[in-house]
Amino acid sequence: MERHKNRAFTYAIIVAIGGFIFGLDAALISGTVNFITNEFGLTDLELGTAVSAPALGVLLALPFAGYACNQFGRKRTLQIVAVLYLFSAITSALAPNYWTLVIARFIGGLAFSSISLASMYIGEIAPPKLRGKLVSMTQINIVVGLSTAYFINYIILQAVGVNGGWAESWGVAEHTWRWMLASEILPALVWLVLLFFIPESPAWLVYNSRIADAKRTLMKIIPSNEIDEYIQETLNGLGKADEKRSMWAQLREIFSRPMRNILIIATTIAIVQQSTGINAILFYAPTVFEQLGLGTDAAFAQAIWIGLTSVVFTILAILLIDKIGRKPMIIFGMVWIIISLGMCSYGFKSARYTITKDAIAEITNVETGGKLNVLIGKEFNSDTDFKNAIKKVLGEEEARNYTSLLLEEAADLNATLILIGLLSFIAAFHFSVGPIMWVLFSEIFPISIRGVAIPFFTIITSLTNYVVQQFFPWQLATMGGSAIFLFYATTVAIGLIIIWRYLEETKNRSIEEIQLAMLKK
């Protein structure tokens, strides 16, 4: 029995590496924000476009991912995704201009479907008692990727500040952001190679009437006396498979009356997971920390704590998800998220900003410092008022260069409270809705429609993610930190009410048992 578990774990780990690549890709861009803004002279919305381009790409890819999974198999589709990651990483690092960078990152977004595909594949090879842990491995790989990216960005930034050595001889200082993005190339290549060593999903093989092939795969991951039961359960889940081959037929079933509760649960959690604002924090981490007046170097260093917190609480979630259950963890986690975001909102609401002579003295440009003299001693009640005043005096371009430094000198806020709130939010997310959404997606849909259903609801979460990423720089400039975090907390509160009402517990149940529980309510 142990041998079968080890093989299931091995295949799950390999597929879940796609989560690591996703996390790496997602967080590496956070370190490049200031560099690409200055190099290409970007506005807030243009910056949002560059950062959110992958989220737009995945919206295009996901409908085709469902078709590809059913037509070519889970394994072949994952291999295509790995090629897209590799191509995007190389092209992004070499991008000669802004639009090339946007297009390269858009292509990388086509590969972001790896998250839903990994959940689908792992959910289909995992025994019921291990499914929660194995599916959650994708999430732990995402957060390990995030943490690794923040660490890489920090190391490269420190190298830029060193005179001589490899930072100079390798051209790191001249191409800081390119080195950050290029660090994704090797992991993407390794993942592509490893994907050639996994078997095809037995559920997909049964779906395509390849019973003998399915049995050969199942012999590797479950005891031989459980194989016939697995195949029979899969066939029962398929129902009238011939009627489900069409993508449109599967979509119609998703919206059918018997699927109403599943539709409500899946739609709600898909929206809530991203409307927490998690990717605004993860993708713009140094920018967010700069709002606390920490300065650029300290902001990059603090971003590492986000990665470490993500890893610790995702591991904790994986250890507990099959003991505590999905529903208690997600309810508790959402309450925790609301409290954490409220702390951040209050921290920014009570902040004050005042420019002093000492702050102006930090600016080496005499002409720029002189312009700011008119603001000395004035107190501003919000970060937006403060930044708008700087823009009015210095203009867009100069304000972009000096705002971080001025925030560091002028901010009078409870940075400790906000920092605790941010890290608490990161912990709550990765303990609950982060990994549990993918576990639920791998459990609540019948096998006959899973190839379309999971990508479909991933489109919903990706669309929410795109909106959050695209408009966060603009929101930060126009709404301010307090209003943004209050908005995120409100959307989570609405989702909490719906999840409390409709979600059924799924731990330790077979896929067929889960379907019966969901459909009979």
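**Exercise 1. Decide whether Gln 79 is buried or exposed in this predicted model, and list what it touches.**

Solution.
Step 1. Locate the residue: Gln 79 belongs to helix α3, which covers residues 74-94.
Step 2. Take its relative accessible area, which is 9%.
Step 3. Compare this value with the cut-off: a residue is buried when the figure is under 20%. Gln 79 therefore counts as buried.
Step 4. List the contacts, leaving out residues up to four places away in sequence: Gln 79 touches Leu 192, Leu 195 and Phe 196.

**Exercise 2. Place Val 15 in its helix, classify it as buried or exposed, and find which residues it touches.**

Solution.
Step 1. Val 15 sits in helix α1, residues 2-40.
Step 2. Its relative accessible area is 0%, so Val 15 is buried.
Step 3. Setting aside residues up to four places away in sequence, the partners of Val 15 are Leu 78, Ala 118, Tyr 121, Ile 122, Trp 191 and Ile 198.
Step 4. Consider Leu 192 as well. Val 15 and Leu 192 are 177 residues apart along the chain, and 9.9 Å separates their C-alpha atoms.

**Exercise 3. Do the same for Ser 147: is it buried or exposed, and what does it touch?**

Solution.
Step 1. The helix that holds Ser 147 is α6, residues 131-160.
Step 2. With a relative accessibility of 11%, Ser 147 counts as buried.
Step 3. Without residues up to four places away in sequence, Ser 147 has contacts with Gly 307, Leu 308 and Val 311.

**Exercise 4. Find which residues make the nonpolar surface patch, and classify Leu 186 as buried or exposed.**

Solution.
Step 1. The patch has an area of about 610 Å². Leu 186, Leu 189, Val 190, Val 193, Phe 196 and Phe 197 make it up.
Step 2. Leu 186 is part of helix α9, residues 185-194.
Step 3. Its relative accessible area is 58%. Because exposed means over 50%, Leu 186 is classed as exposed.
Step 4. Return to Exercise 1: Phe 196, a member of this patch, is also one of the residues that Gln 79 touches.

**Exercise 5. Describe helix α15: what is its span, how many of its residues are buried, and what comes just after it?**

Solution.
Step 1. Helix α15 runs over residues 260-275, with 16 residues. From first C-alpha to last it reaches 22 Å, close to the expected 22 Å.
Step 2. Of its 16 residues, 12 are buried, so α15 is mostly covered. Among the buried ones are Ile 262, Leu 263, Ile 265 and Thr 268.
Step 3. Just after α15 comes Gly 277, with a positive phi of about 90 degrees.

**Exercise 6. Describe helix α26 in the same way, and find where it bends.**

Solution.
Step 1. Helix α26 spans residues 447-478 and contains 32 residues. Its end-to-end C-alpha distance is 45 Å, close to the 46 Å expected.
Step 2. The bend, about 50 degrees, is at Phe 472, and Pro 473 follows within four residues.
Step 3. As for cover, 24 of the 32 residues in α26 are buried.
Step 4. Gly 480, just after α26, has a positive phi of about 90 degrees.

**Exercise 7. Summarise the whole chain: how many helices and strands are there, and what percentage of residues is buried?**

Solution.
Step 1. The chain has 28 helices and three strands.
Step 2. It contains 521 residues, and 60% of them count as buried.
Step 3. The exposed area is about 20400 Å², with 63% supplied by carbon and sulfur atoms.
Step 4. Among contacts with a separation of 6 or more, 82% join residues 24 or more positions apart.

Technical notes: Residues are numbered from 1 along each chain as its sequence is written. This is a predicted model: local features need pLDDT of at least 70, side-chain atom pairs count only at pLDDT 80 or more; totals for chains, interfaces and linings use all residues. Side-chain values use heavy atoms; hydrogens and water are left out. Helices (H or I, at least four residues) and strands (E, at least two) are DSSP runs, numbered from the N terminus. The expected span of a helix is 1.5 Å times one less than its number of residues. The bend at a residue is the angle between axes fitted to the seven residues ending there and the seven starting there. Buried means under 20% relative accessible area, exposed over 50%, partly exposed in between (1.4 Å probe, protein chains only). Patches are made of residues with over 30% relative accessible area and no salt bridge: like charges are joined within 9 Å, nonpolar side chains (Val, Leu, Ile, Met, Phe, Trp, Tyr) within 5 Å. Accessible areas come from the Shrake-Rupley method with a 1.4 Å probe; for residues, only the protein chains shown count as cover. A salt bridge is a side-chain nitrogen of Lys or Arg within 4 Å of a carboxyl oxygen of Asp or Glu. Contact means heavy atoms within 4.5 Å.
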